[in-house]
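Q: Please take a close look at one single part of this structure. What surrounds it, and how is it joined to its surroundings?

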Amino acid sequence: MKLHVEDAAGGFYKQAMGLVDGEAIRIYVRLGGCGSVHPGLSLGVTKDEPIQIGLQTVVDGITYYMEQDNLWYLENKSLRISFDEQYEEIKMIVE
């Protein structure tokens with residue numbers, strides 16, 4: 001299992017959320033949305049402080065992570081977060 005945040009996606013979050021180096025973004029399971037892994041569930045993001053990190057990566061000074069208790073969503077697969085420049089939106093892909 002791996003978490004990969006592409007540079008363009010990291011730059012998007014940093015600008016859109018007004019993040020500064022050293023801050024952290026939690027990726028969490030939420031009810032609703034268009035998740036492809038578990039119907040009725042999707043992934044959300046919020047600025048937060050880690051408690052029990054299950055996966056993490058650092059991009060441009062920002063830590064992106066999932067808590068241990070949310071890893072079940074990935075089903076032992078990896079999560080790639082990219083930025084689609086054509087549609088100017090984030091894509092979260094479980095692969």
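A: The surroundings that cover the buried residues of helix H1 include strand S1 (3-5), S3, S4, S5, S6 and strand S7 (89-94). This is a predicted model, in which local features need pLDDT of at least 70 and side-chain atom pairs count only at pLDDT 80 or more, whereas totals for chains, interfaces and linings use all residues. Residues are numbered from 1 along each chain as its sequence is written, and side-chain values use heavy atoms, with hydrogens and water left out. The names of the elements come from DSSP runs, numbered from the N terminus: helices are H or I with at least four residues, and strands are E with at least two.

The buried residues of H1 are Ala9, Gly10, Tyr13 and Lys14. They lie on the same side of H1, because they cover an arc of only 135° around the axis; the arc is that of the directions from the helix axis to the C-beta atoms. On the other side of H1, the residues Asp7, Gln15 and Ala16 are exposed. Here, buried means under 20% relative accessible area, exposed means over 50%, and partly exposed lies in between (1.4 Å probe, protein chains only). A general rule helps in reading such a pattern: an α-helix has 3.6 residues a turn, so residues three or four places apart point the same way. After H1 comes Gly18, which has a positive phi, near 60°.

Next comes the sheet. Four strands form an open sheet in the order S3-S2-S5-S4, and their pairing is mixed; two strands pair if DSSP finds at least two bridges between them. Strand S3 (41-47) and strand S4 (53-59) are the edge strands, each pairing on one side only. From one strand to the next, the twist averages 25°. Helix H1 (residues 7-16) packs on this sheet and touches S3, S4 and strand S5 (62-67), where contact means heavy atoms within 4.5 Å. The direction of H1 makes about 100° with that of S5; axes are lines fitted to C-alpha atoms, for helices over the stretch in contact, and angles run from 0 to 180 degrees between N-to-C directions.

Two residues of H1, Ala9 and Tyr13, are among those touched by Ile81, when residues up to four places away in sequence are not counted.

Aromatic rings provide a further link. There are four aromatic pairs in the structure. In one of them, Phe12 and Tyr13 have ring centres 5.8 Å apart and planes at 65°, so this pair is edge-to-face. Rings of Phe, Tyr and Trp (its six-membered ring) pair if their centres lie within 6.5 Å; planes under 30 degrees apart count as stacked, over 60 as edge-to-face and the rest as tilted. Tyr13 is buried because its relative accessible area is 6%, whereas Phe12 counts as partly exposed because its relative accessibility is 31%. Phe12 also forms a stacked pair with Phe83, at 5.1 Å centre to centre and with 25° between the planes. Since Phe12 lies in helix H1 and Phe83 in strand S6, this pair ties together parts that are 71 residues apart in sequence. Through ring pairs, Phe12, Tyr13, Tyr64 and Phe83 are linked into a cluster.
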